[in-house]
Amino acid sequence: MAFSFPIRVYWEDTDAGGIVFYANYLKFFERARTEWLRSLGHGQQRLREATGGMFVVLETQVRYRQPARLDDELLVTARLQDNRGASLTIAQQAFCTTAPDPSGAPTLLCEGTIRIGWVEASTLRPARIPPQLLEVLKK
């Protein structure tokens, strides 16, 4: 089951043509991952303070299908796809709810995977994700 987070497209998210600038989808994905963690009781700052570690982005793969436009309402999802002990792969999608597809379902705009790794915050050296955090993320 995927976590979903609503986002409205603002002027600052678009290019001169009123279309969302491609790199902003990575920002939308980041917000959804952050809110997913927060919804599980693990805000990023609290995690760092409690464990001495933090997540960093290691790799991204994104496919753009259709553009979002100024004032569109989006629904951005995050779902754990893979767990490697020191890294996670999160599958993410961005849907437009303002202009549904012909069946009435939200239109898929963009999808991708983001691999995040766990590092010691003070040294940025890779470390294993705390087991209690992994258990929460797998649910």
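# Briefing on a predicted protein model

Read from the beginning of the sequence to its end, the protein follows the pattern β-α-α-β-β-β-β-α, which amounts to three helices and five strands. The radius of gyration is 16 Å, close to the 14 Å that the globule rule gives for 139 residues, so the protein is as compact as a globular protein of that length. The model is predicted, and the values below should be read with that in mind.

**Overall form and surface**

- Along its principal axes, the C-alpha trace of the protein spans about 45 × 30 × 25 Å.
- Of the 139 residues, 37% count as buried, while the protein as a whole exposes about 8,200 Å², of which carbon and sulfur atoms supply 52%.
- When contacts with a separation of 6 or more are considered, residues 24 or more positions apart account for 67% of them.
- The protein has 17 positive and 15 negative charges, and the mean positions of these two groups are 7 Å apart.

**Thr107 and its surroundings**

- Thr107 is found in strand S5, which covers residues 107–120.
- With a relative accessible area of 10%, Thr107 falls under the 20% limit, and therefore it is classed as buried.
- Leaving aside residues up to four places away in sequence, Thr107 touches Gln66, Ala94, Phe95, Cys96, Ala99, Pro100 and Asp101.

**The cysteines**

- A disulfide requires a pair of cysteine sulfur atoms within 2.5 Å, and by this rule the count in the protein comes to zero.
- Cys96, one of the residues that Thr107 touches, is in no disulfide, since the nearest cysteine sulfur, that of Cys110, is 13 Å away.
- Seen from the other side, the closest cysteine sulfur to that of Cys110 is in Cys96, and the distance of 13 Å is too far for a bond.
- Both residues are nevertheless shielded from the surface: Cys96 counts as buried at 4% relative accessibility, and Cys110 is buried with a relative accessible area of 0%.

**Ala86, in a loop between two strands**

- Ala86 is found in the loop between strand S3 (73–83) and strand S4 (87–96), and at 27% relative accessibility it counts as partly exposed.
- Although Ala86 and Phe55 are 31 residues apart along the chain, their C-alpha atoms are separated by 9.6 Å.
- Not counting residues up to four places away in sequence, Ala86 touches Ile116, Gly117, Trp118, Ala127, Arg128 and Ile129.

**Two loop residues with positive phi**

- Most residues other than glycine have a negative phi, and this is the background against which the next two residues can be read.
- Asp71, a residue other than glycine, has a positive phi near 75°; Asp71 is found in the loop between strand S2 (53–64) and S3, where it is partly exposed, with a relative accessible area of 47%.
- Leu124 is also a residue other than glycine with a positive phi, in this case near 65°, and it is found in the loop between S5 and helix H3 (131–138).
- The relative accessible area of Leu124 is 52%, and because exposed means over 50%, Leu124 is classed as exposed.

Definitions and conventions
Residues numbered from 1 in each chain as written. Predicted model: local features only at pLDDT ≥ 70, side-chain atom pairs only at ≥ 80, totals over all residues. Heavy atoms only, no water. Helix = DSSP H or I, 4+ residues; strand = E, 2+ residues; numbered from the N terminus. Rg over C-alpha atoms; globule rule 2.2 N^0.38 Å. Buried < 20%, exposed > 50% of the residue type's maximum accessible area, 1.4 Å probe, protein only. Contact = heavy atoms within 4.5 Å. Areas by Shrake-Rupley, 256 points an atom, 1.4 Å probe, with all protein chains shown as cover. Lys, Arg positive; Asp, Glu negative; His and termini not counted. Charge placed at Lys NZ, Arg CZ, Asp CG, Glu CD.
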